[in-house]
Amino acid sequence: MVDCGLSVLMVEARDRVGGRTYTVESDGTLYEMGGTWVTHHMAYLFKEMTRYKMDKDLTLTHHRGYGNDYYTINVPDATPRTLTHEEAGQITARAWSIFVNADGQNCRAICPLPHSQLNNILVSREEVERYDKISCRDRFEEIKHLLSTEEAWILTALLLHITGGSMVNSSLWDMIRSQALMSYDPANFSPIWTTFKLRQGQSALAGAMFQDAVDNGLQYVFQTPVKSIVERSNVVTVTTLAGRVFRARRMVSTIPLNVLHTIMFDPPLSPTRQEAITIGHVNYMNKIHADVEGSGLTSWNGMRYPNLLMFGYGDGVTPSGRAHIVGFGKDERATFVPERNPEKAVDAFQKLHPMEVNKMIFHNWNTDPWSLGGPAWWPPEFMTKYQEELQSRHGLVFFASADWAHGWRAAIDGALEQGSQAALQVVKEIREMRGVMARI
């Protein structure tokens, strides 16, 4: 908006830009605390990567050829075993394909336009609503007889890994949407979701976008959490927790779904939006980085279920020659808070594979007051009941968050999508206002 000649103020609760994308540098290694992987399939993100000449400056997550170049599986009622990465991929792809093929056409019939899931020209809304009512647990019960014991547990862990929730509170529709976004083929899962990273880190991209805006006139304040948002007489008044007051003709809110309940709106938000905020999203995943002795596990991937960390991935070698491992777990808030229970985190890594953990690095988005959870994955019926309301404006306030994006919700691309759409509308309206004033 600043490059369109508008006066823009950014009010940020954190001491940095980027939200749930956050790169930490430690001892010469970059660790992504939140959003990590990039792909040309994400158009809004790829546009920004290209703008700041980061589209070719990439690095890989997966590195073959080190000592432990294999995949380990450890699930109930099956003998723990070691297999090749290709074999593990085939097992996972088969289980996923059976699970997600709810329409008999690998989701092409029910979700032909993943950026236009509702009210598109090919599928009736009623049909989408029917699928959106189904939970991952419901769908799993339908197809589990087609799976081996090993496949059933791997699929269960994968679904929980993706949503950060439970089988009951995670929707089948989110899996259908994911299948459509990766071109209806699980072979694209790794290249799209878990392979390419920005060599300079996600915070470098966020910083480049921020500095560009500042150079064009953006004003900003950090460490300034908002208390209330009030609209009166065609003016939005934002009051901070510290009592500072800012006024504007339009406001774009990027406050995450699970945090919106902490803000007082006047006029009040609609009952439908308030209901969605009360329910919130289900993703309370854990993501923990570990540096472990030796470089061998750089080539290792593996899973164990149940475990506080269900999946572990080798993610490069540190300058000191240690393997960098990333562990992922589902919602374990009742028994596990990583910053309070580091010994449980170490134990969870060692249950995935024997390793000597040298250090751990993580950011707990679940206890972070400005996120109160990870990227948004939704419960059954949430999409058809609330997506349109969450995307809609509230008077002079526009809502722009990845938490309710059309396409790549729960991804960096979704945040850029929603922000771009809000900015275009604000620019249009302010220009129209200026035109009216010029004619008076």
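How do the residues of the lining of the largest cavity divide into nonpolar, polar and charged? They come out as 5 nonpolar, 3 polar and 1 charged. Keep in mind that this is a predicted model.

**The annotated domain**

Let's set the scene with the record. UniProt, in an unreviewed entry, puts the feature "domain: Amine oxidase" at residues 5-426. Over that stretch the chain is 31% helix and 20% strand. The C-alpha atoms at the two ends of residues 5-426 sit 12 Å apart.

**Cavities**

Searching the whole structure turns up 3 cavities of 30 Å³ or more. The largest cavity holds about 50 Å³ of space. Its lining has a run from one part of the chain, namely Met285, Asn286, Lys287 and Ile288. Pro338 joins in, and so do Phe362, His363, Asn364 and Trp365.

**The second largest pocket**

Now for an open space. The second largest pocket has a volume of about 630 Å³, and 22 residues line it. If you want to find its centre on screen, look for His85, Gly89, Thr92, Phe189 and Ser190, the lining residues that lie nearest to that point. Four elements, listed below, each give two or more residues to this lining.

| Element | Residues |
|---|---|
| helix H2 | 85-100 |
| helix H5 | 149-163 |
| helix H7 | 189-193 |
| strand S16 | 311-317 |

Which element gives the largest share of the lining? That would be H2, with 8 residues. By type, the lining of the second largest pocket splits into 12 nonpolar, 8 polar and 2 charged residues.

**Helix H9, side by side**

Helix H9 covers residues 271-279, and Arg273, Ala276 and Ile277 are buried in it. Why do these buried residues fall on the same side of H9? They cover an arc of only 100 degrees around the axis, so they share one side of the helix. The general rule behind this is that an α-helix has 3.6 residues a turn, so residues three or four places apart point the same way.

Flip to the other side of H9 and you meet Pro271 and Thr278, which are exposed. What covers the buried residues of H9? The cover includes helix H11 (382-391) and strand S19 (397-399). Right after H9 comes glycine 280, with a positive phi near 70 degrees.

Terms used
Residues are numbered from 1 along each chain as its sequence is written. This is a predicted model: local features need pLDDT of at least 70, side-chain atom pairs count only at pLDDT 80 or more; totals for chains, interfaces and linings use all residues. Side-chain values use heavy atoms; hydrogens and water are left out. UniProt positions are given in the numbering used here, feature names are shortened, and annotations may be inferred rather than shown by experiment. On a 1 Å grid over the protein atoms alone, a cavity is a set of points where a 1.4 Å probe fits but cannot get out, and a pocket is an open set with protein on both sides within 12 Å along at least five of seven lines; lining residues have an atom within 4 Å of a point. Grid points are joined across faces, edges and corners, and a volume is the space filled by probe spheres set on the points. Ala, Val, Leu, Ile, Met, Phe, Trp, Tyr, Cys and Pro count as nonpolar, Asp, Glu, Lys and Arg as charged, and the others, Gly among them, as polar. Buried means under 20% relative accessible area, exposed over 50%, partly exposed in between (1.4 Å probe, protein chains only). The arc is that of the directions from the helix axis to the C-beta atoms. Contact means heavy atoms within 4.5 Å.
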